[in-house]
Amino acid sequence: MVQGVISCDENHQVNGMAPLHISTEHPQSVDSIELADANVLHQNDVFRRDHAPFSKDIIGTYSCHGIEPLYDEEEENEIGENDDVKLNVVSKINQDRGGVAYPYADHVHTALFAAYDGHGEGGELVSQYCMSEIQKRLEKHASFPSDMEDAFKKTFVEVDESLAHRENLEPLYSGTTACVVVMREGQLHIANVGDSRAVIGRKKKYPNRKTNREYDSFDLTVDQNPDSPGEMERILSCGGFVSPPPE
């Protein structure tokens, strides 16, 4: 799962992914700014920190791949019968993708945060494609930003349907979750498919403490699993099936 917050470098490159583009409401004025002159940069009003919905120094993405068990045929047959069986593991392909876009939709008070967890053979290609396409299509949707629910729903469906036309992808045997948050004018608009979860941390309040680094976490989304109440019924009504979880 894509998680965490890290600093970006001086080029606003985040964890090897697409650059975090930092622009202003008046881009024509940027050409005249000498970046070596810190005084000019800080005096330019559009670069003040309070113009951004967050501090640009601490935003980014972090992900790490997992491992999975690896047996040879003889050892696999002995599992459960021999307590001395050695379990080997192999590193999995990292199929996670995450992105941050700010400013988003050419609006200095809008940012997009997204996490995608690919699965199946080639799932990393699906999550990469969806990360790019959802970000591009959402801001161009006719309902954005007046009707965020409609924009989210139709963008997700369009991207899902477009996967069938990608030559290097096999969406029948692979896929991805999607959890996308748009922060706009102090409000969060969130959409998710699958079981990637958006969580917010809120600093605890202690009246007698001068400093505090303790936070409470709150889920912002509900995981969408095939066996969830309502979801299983929806899948079955569409002619699909839900396999029991492995024992």
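**Exercise 1. Place E214 and its partner.**
Task: Is E214 buried, exposed or partly exposed in this predicted model, and with which residue does E214 form a salt bridge?

Solution.
Step 1. Take the accessibility of E214. Its relative value is 31%. Buried means under 20% and exposed means over 50%, so a value in between is called partly exposed. E214 therefore counts as partly exposed.
Step 2. Find the partner. The side chain of E214 meets that of K204 in a salt bridge, with 3.9 Å from N to O.
Step 3. Locate both ends. K204 and E214 each lie in the loop between β8 (199–203) and β9, so the pair ties together parts that are ten residues apart in sequence.
Step 4. Check K204 too. K204 is partly exposed, at 27% relative accessible area.

**Exercise 2. Follow K204 to another partner.**
Task: Which residue in strand β9 pairs with K204, and how many residues apart in sequence are the parts that this pair ties together?

Solution.
Step 1. Look for the salt bridge. K204 forms one with D216, where the closest N and O atoms are 3.7 Å apart.
Step 2. Compare the locations. K204 sits in the loop between β8 and β9, while D216 belongs to strand β9, so this pair links parts twelve residues apart in sequence.
Step 3. Read the exposure of D216. With a relative accessible area of 32%, D216 is partly exposed.

**Exercise 3. A salt bridge inside a helix.**
Task: Why are E133 and R137 separated by about one helical turn?

Solution.
Step 1. Count along helix α3. E133 and R137 are about one turn apart because they are four residues apart in this helix.
Step 2. Confirm the bridge. The closest N and O atoms of E133 and R137 are 2.9 Å apart, and the two residues form a salt bridge.
Step 3. Contrast the two ends. E133 is buried, at 12% relative accessible area. R137 is partly exposed, at 27%.
Step 4. Set the pair in context. The whole structure holds nine salt bridges.

**Exercise 4. Trace the contacts of S63.**
Task: Where does S63 lie, and which side chains make polar contacts with the side chain of S63?

Solution.
Step 1. Locate S63. It lies in the loop between α1 (38–43) and β1 (67–70).
Step 2. Check burial. S63 counts as buried because its relative accessibility is 16%, and buried means under 20%.
Step 3. List the polar contacts. The side chain of S63 contacts that of D96 at 3.0 Å. It also contacts the side chain of N94, at 3.4 Å.
Step 4. Set sequence against space. S63 and R97 are 34 residues apart in sequence, and their C-alpha atoms are 7.8 Å apart in space.

**Exercise 5. Find the contacts of H107.**
Task: Which residues does H107 touch, leaving aside neighbours within four places in sequence?

Solution.
Step 1. Place H107. It is in the loop between β3 (96–101) and β4 (110–120).
Step 2. Name the contacts. They are R184 and E185.
Step 3. Pick out the polar one. The side chains of H107 and E185 are joined by a polar contact of 3.3 Å.

**Exercise 6. Describe the largest nonpolar core.**
Task: How many residues does the largest nonpolar core have, and which element gives the most to this core?

Solution.
Step 1. Count. The core has 23 residues. Among those with the most contacts inside it are L112, Y116, I134 and F152.
Step 2. Find the contributors. β4, α3 (123–140), α4 (148–162) and β6 (178–184) each give two or more residues to this core.
Step 3. Name the leader. α3 gives the most, with six residues.
Step 4. Zoom in on L112. Beyond its neighbours within four places in sequence, L112 contacts residues including V100, Q135, L138 and V180.
Step 5. Look beyond this core. Another core lies apart from it, with eleven residues, among them Y102 and A198.

**Exercise 7. Move to the surface and the whole chain.**
Task: Which residues make the nonpolar surface patch of about 300 Å², and how many helices and strands does the protein chain have?

Solution.
Step 1. Name the patch. It is made by L188, I200, F218 and L220.
Step 2. Look at one member. L220 lies in the loop between β9 (215–219) and α5 (231–237). L220 is partly exposed, with a relative accessible area of 35%.
Step 3. Count the elements. The chain has five helices and nine strands.
Step 4. Add the burial. Of its 247 residues, 33% count as buried.
Step 5. Add the surface. The accessible area is about 16900 Å², and carbon and sulfur atoms hold 49% of it.

How values were computed
Residues are numbered from 1 along each chain as its sequence is written. This is a predicted model: local features need pLDDT of at least 70, side-chain atom pairs count only at pLDDT 80 or more; totals for chains, interfaces and linings use all residues. Side-chain values use heavy atoms; hydrogens and water are left out. A polar contact is a pair of N or O atoms within 3.5 Å; within protein, one must be able to donate a hydrogen and the other to accept it, and residues adjacent in sequence count only if both atoms are side-chain atoms. Contact means heavy atoms within 4.5 Å. Buried means under 20% relative accessible area, exposed over 50%, partly exposed in between (1.4 Å probe, protein chains only). Accessible areas come from the Shrake-Rupley method with a 1.4 Å probe; for residues, only the protein chains shown count as cover. A nonpolar core is a set of buried Ala, Val, Leu, Ile, Met, Phe, Trp, Tyr and Cys residues joined through side-chain atoms within 4.5 Å. Patches are made of residues with over 30% relative accessible area and no salt bridge: like charges are joined within 9 Å, nonpolar side chains (Val, Leu, Ile, Met, Phe, Trp, Tyr) within 5 Å. A salt bridge is a side-chain nitrogen of Lys or Arg within 4 Å of a carboxyl oxygen of Asp or Glu.
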